[in-house]
Amino acid sequence: MSDLLPSFAASMREVDRAEWDALALPSGSPLLSWGFLSLLEESGSVSPDTGWTPAHLLLRRGGRLVAAAPFYLRGDSWGDFVFDFELAEAAESLRAPYYPKLVGMVPATPAPAWKVLVAEGEDEAALSALVLAAAEETARASGLAGLQLNWVDPAMEPLIRGSGRFLEWSHQGFLWRDGDAAGRSYGDFPGYLAAFSKNMRRNVLREREGLAAAGIESRVLGAREAAATPGLLAKMADFYEATNDKFGPWAARFFNRDFFLRLPEFLPEGWLLSAGYERGAPLGEPLGLAFLLEGEERLYGRYWGAARPEPGLHFELCYYRPIEYALERGLSSFDPGMGSEHKARRGFRSVLSPSFHLAFDRRVAALLKRYLPLASEEAAAEAKALDRELPFKEERARPVATPRRGGPATRR
């Protein structure tokens with residue numbers, strides 16, 4: 001494959017939209033689309049000033065783009081959602097370099113989606129391996145501390161493991177899937193709740209009935225309807241900022257106001273707002289909003305906020321209404337985002353998603369080799385413990401062994 005020429009793009013603006021999307025759209029994930037990645041950059045949410053310097057790897061043959069992957073030069077880990085701050089501190093104590101590093105991922109988005117995008121008809125495994133090799137070679141030649149791949153599409157995992165170059169770290173996340181114990185679709189939301197134990201089903205119904213009694217209704221607005229409603233995206237930005245204000249220095253304030261306001265410019269389709277309203281309120285005056293992205297088979301829940309605290313509103317907009325929407329649309333899964341044991345009790349199973357690490361300094365490599373297996377064990381134990389909270393009748397009737405916990409803390 002000596003006719004293949006690798007290069008790096010300093011922004012998505014340097015890559016033709018149709019050319020990139022010809023590779024990205026078959027993946028079925030909006031997170032890898034030219035529109036989403038460009039919006040991050042053009043809004044200023046992703047830039048060197050925010051800790052993300054784009055360095056997208058492109059592979060061309062005779063001028064034609066045959067493979068590509070989003071990469072970023074990183075001088076810290078804020079927004080990676082791998083929680084490796086202790087590792088960075090340990091490396092610093094050894095006077096060993098942990099940063100800067102080249103990172104392959106969708107910025108500030110802990111959803112397993114990152115992969116090498118390959119043109120139809122090309123050898124996917126071979127070109128993916130070439131892209132990873134080019135990334136490593138460039139990172140080494142540039143004097144970087146390492147190469148890291150975060151929140152990887154499961155289809156890419158065997159190839160990365162097979163290279164023998166990376167150390168692996170498992171991270172606990174959540175995923176809802178449409179399918180009961182026998183593999184049958186739930187069909188609709190009542191069908192979904194029918195799989196719950198009596199007590200757990202009653203809790204969900206009570207939460208939804210409480211909102212209705214308070215005069216609060218919910219609905220999903222598609223991208224075009226939301227974009228056409230004056231002030232609605234500004235409200236989403238307001239709610240996002242207000243939610244983050246509650247967490248002080250630990251806020252996940254990764255996207256700025258322009259990200260929401262410019263959504264229609266870059267993504268005319270593929271995103272939604274799960275909205276709550278006081279009965280009779282106009283569309284432009286929601287009580288709460290949650291932002292979602294819709295892929296070919298999966299729904300992604302990302303950010304939410306509300307004008308005031310309201311019991312059950314978070315669960316309605318972030319869990320129940322999106323699940324209802326997924327069932328109506330025939331989507332097979334829903335990734336609700338990280339964190340919160342409440343997700344398990346509402347039917348979101350724990351899943352383990354890996355990050356892959358290649359440190360060029362031997363001291364850091366030895367540190368990772370000792371630490372990552374322990375951290376992965378802890379993530380697996382956390383996943384098992386959370387799955388004990390699942391509401392399904394079959395799960396709750398089955399005895400579950402208490403998971404063994406151990407290893408260092410992985411989060412702050």
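Start by selecting Pro97, Tyr98, Lys101, Ala145, Gly146, Leu147, Gln148, His357, Leu358, Ala359, Val364 and Leu368: together they line the second largest cavity. Now colour by secondary structure. Three elements each give two or more residues to that lining, namely strand β8 (146-149), strand β15 (349-359) and helix α13 (362-387). The volume of this second largest cavity is about 90 Å³. How many cavities of 30 Å³ or more are there? The count is two. Keep in mind as you click around that this is a predicted model.

Next stop: Glu157. Select helix α5, which covers residues 157-163, and you'll find Glu157 in it. Is Glu157 buried or exposed? Its relative accessible area is 11%, and buried means under 20%, so Glu157 counts as buried. To see what Glu157 touches, show Val152, Pro354 and Phe356 as sticks; these are its contacts once you leave out residues up to four places away in sequence.

Now head for the surface. Select Trp78, Phe247 and Trp250 and switch on a surface view. These residues make a nonpolar surface patch of about 370 Å².

Zoom in on one member of that patch, Trp78. Where is Trp78 found? Look in the loop that runs between strand β5 (71-74) and helix α3 (85-93). Trp78 has a relative accessible area of 32%, so it is classed as partly exposed.

To finish, flip back and forth between two of your stops: Glu157 is buried, whereas Trp78 is partly exposed.

Technical notes: Residues are numbered from 1 along each chain as its sequence is written. This is a predicted model: local features need pLDDT of at least 70, side-chain atom pairs count only at pLDDT 80 or more; totals for chains, interfaces and linings use all residues. Side-chain values use heavy atoms; hydrogens and water are left out. Patches are made of residues with over 30% relative accessible area and no salt bridge: like charges are joined within 9 Å, nonpolar side chains (Val, Leu, Ile, Met, Phe, Trp, Tyr) within 5 Å. Accessible areas come from the Shrake-Rupley method with a 1.4 Å probe; for residues, only the protein chains shown count as cover. A salt bridge is a side-chain nitrogen of Lys or Arg within 4 Å of a carboxyl oxygen of Asp or Glu. Helices (H or I, at least four residues) and strands (E, at least two) are DSSP runs, numbered from the N terminus. Buried means under 20% relative accessible area, exposed over 50%, partly exposed in between (1.4 Å probe, protein chains only). Contact means heavy atoms within 4.5 Å. On a 1 Å grid over the protein atoms alone, a cavity is a set of points where a 1.4 Å probe fits but cannot get out, and a pocket is an open set with protein on both sides within 12 Å along at least five of seven lines; lining residues have an atom within 4 Å of a point. Grid points are joined across faces, edges and corners, and a volume is the space filled by probe spheres set on the points.
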